[in-house]
Amino acid sequence: MDFNGSDTIPGPRTEDHLPHTAQSAVKIVIVGGFGVGKTTMVGSVSEIRPLTTEETMTQAGIGVDDNYGSESKTATTVAMDFGRISITDKLVLYLFGTPGQERFWFLWNGLFEGALGAVVLVDTRRLEVSFDVMGRLEERGVPFVVAVNSFPDAPRYPIEELRTALDLAPEIPIMDCDVRRRASSKEVLMTLMRFLHSLALSGALT
Ligand SMILES: Nc1nc2c(ncn2[C@@H]2O[C@H](COP(=O)(O)OP(=O)(O)OP(=O)(O)O)[C@@H](O)[C@H]2O)c(=O)[nH]1
Ligand SMILES: [Mg+2]
């Protein structure tokens, strides 16, 4: 997919092989409602060419597929996105993006298996979807951070107002991001890793 203003790496990636210094690999899931930018995030940050399972959205989806706020969107994830990023010389993250349409949510359970943490992507035009998404992570005991993907026509709220609206516990990190930008997506992942580290130190991770 081609995104205007994206700093997604075009063509073959240079880092197809795991760095020889890599010592730990961690599975992270990227979740959120339809069209919030999950595939875009995996694509912008992955150092290998991401695997995507996108299908073209057709007339057949009208009335079935949710298309709110993403009228220009032409493809949707039907199984998962997969990418990889080395956060440090030693630590590698394997990224799994979930499908956003509710009719594919049955696949989430398998994707959550073995995940150490999650990024919940939020679109402020459709906050209500986020409750279902966060509820599913809480049920599975998967810790998460919340990243607000700022679409130009989406209402802007102070981050602490969003925390209240989403009923987020004070310790759960929440931040703005632009998933099209590699640095911004990477910062979200770094925040998640710092959060997981603090949970591990406090004994909250089992
Ligand atoms: N303006 C703007 N557009 C974005 C941003 N992030 C994603 N988009 C666009 O929004 C659309 C949706 O992005 P996707 O990455 O396909 O969303 P998704 O969450 O994977 O969608 P599903 O798999 O269908 O649930 C794409 O057309 C992107 O170009 C953003 O930060 N700003
Ligand atoms: Mg997708």
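## A tour starting at Thr-39

Select Thr-39 and ligand 1 together: a polar side-chain atom of Thr-39 lies 2.8 Å from an oxygen atom of ligand 1. As you explore, keep in mind that this is a predicted model.

**Around ligand 1.** Keep ligand 1 on screen and ask how much of it the protein covers. Taken alone, ligand 1 exposes 650 Å², and the protein buries 89% of that. Now show the residues around it. There are 20 of them, and those that come nearest are Lys-38, Thr-39, Thr-40, Lys-73 and Thr-76. Try colouring this shell by residue class: you will find 6 nonpolar, 9 polar and 5 charged residues.

Which elements give two or more residues to this shell? They are α1 and β3. Of the elements, α1 gives the most, with 3 residues.

**Two more contacts to ligand 1.** Next, pick Val-36 and turn on its backbone atoms. A backbone N or O atom of Val-36 lies 3.2 Å from an oxygen atom of ligand 1. Then move to Arg-180 and show its side chain. An N or O atom there is 3.4 Å from a nitrogen atom of ligand 1.

**The magnesium ion.** Now select ligand 2, the magnesium ion. Which residues coordinate it? Thr-39 and Thr-77 do, each through its OG1 atom, at 2.0 to 2.1 Å. Thr-39 sits in helix α1 (residues 38-45) and Thr-77 in strand β3 (residues 75-77), so this pair ties together parts that are 38 residues apart in sequence. Are these two residues buried or exposed? Both Thr-39 and Thr-77 are buried. Thr-39 is thus a good residue to keep labelled: its side chain has a polar atom 2.8 Å from an oxygen of ligand 1, and its OG1 coordinates the magnesium ion.

**The whole chain.** Finally, zoom out and switch to a cartoon view. You should be able to pick out 5 helices and 8 strands. Follow the chain along its sequence and the pattern reads β-α-β-β-β-β-α-β-α-β-α-β-α.

Switch to a surface view for the last stop. The chain exposes about 10400 Å², with carbon and sulfur atoms supplying 54% of it. Of its 206 residues, 49% count as buried. If you draw contacts between residues at least 6 apart in sequence, 75% of them join residues at least 24 apart.

Definitions and conventions:
Residues numbered from 1 in each chain as written. Chains lettered and ligands numbered in written order. Predicted model: local features only at pLDDT ≥ 70, side-chain atom pairs only at ≥ 80, totals over all residues. Heavy atoms only, no water. Donors = N, O, S within 2.8 Å, 3.2 Å for Na, K, Ca; no water. Helix = DSSP H or I, 4+ residues; strand = E, 2+ residues; numbered from the N terminus. Buried < 20%, exposed > 50% of the residue type's maximum accessible area, 1.4 Å probe, protein only. Near = heavy atom within 4 Å. Polar contact = N/O pair within 3.5 Å; in protein donor to acceptor, adjacent residues only side chain to side chain. Areas by Shrake-Rupley, 256 points an atom, 1.4 Å probe, with all protein chains shown as cover. Nonpolar A, V, L, I, M, F, W, Y, C, P; charged D, E, K, R; others polar. Contact = heavy atoms within 4.5 Å.
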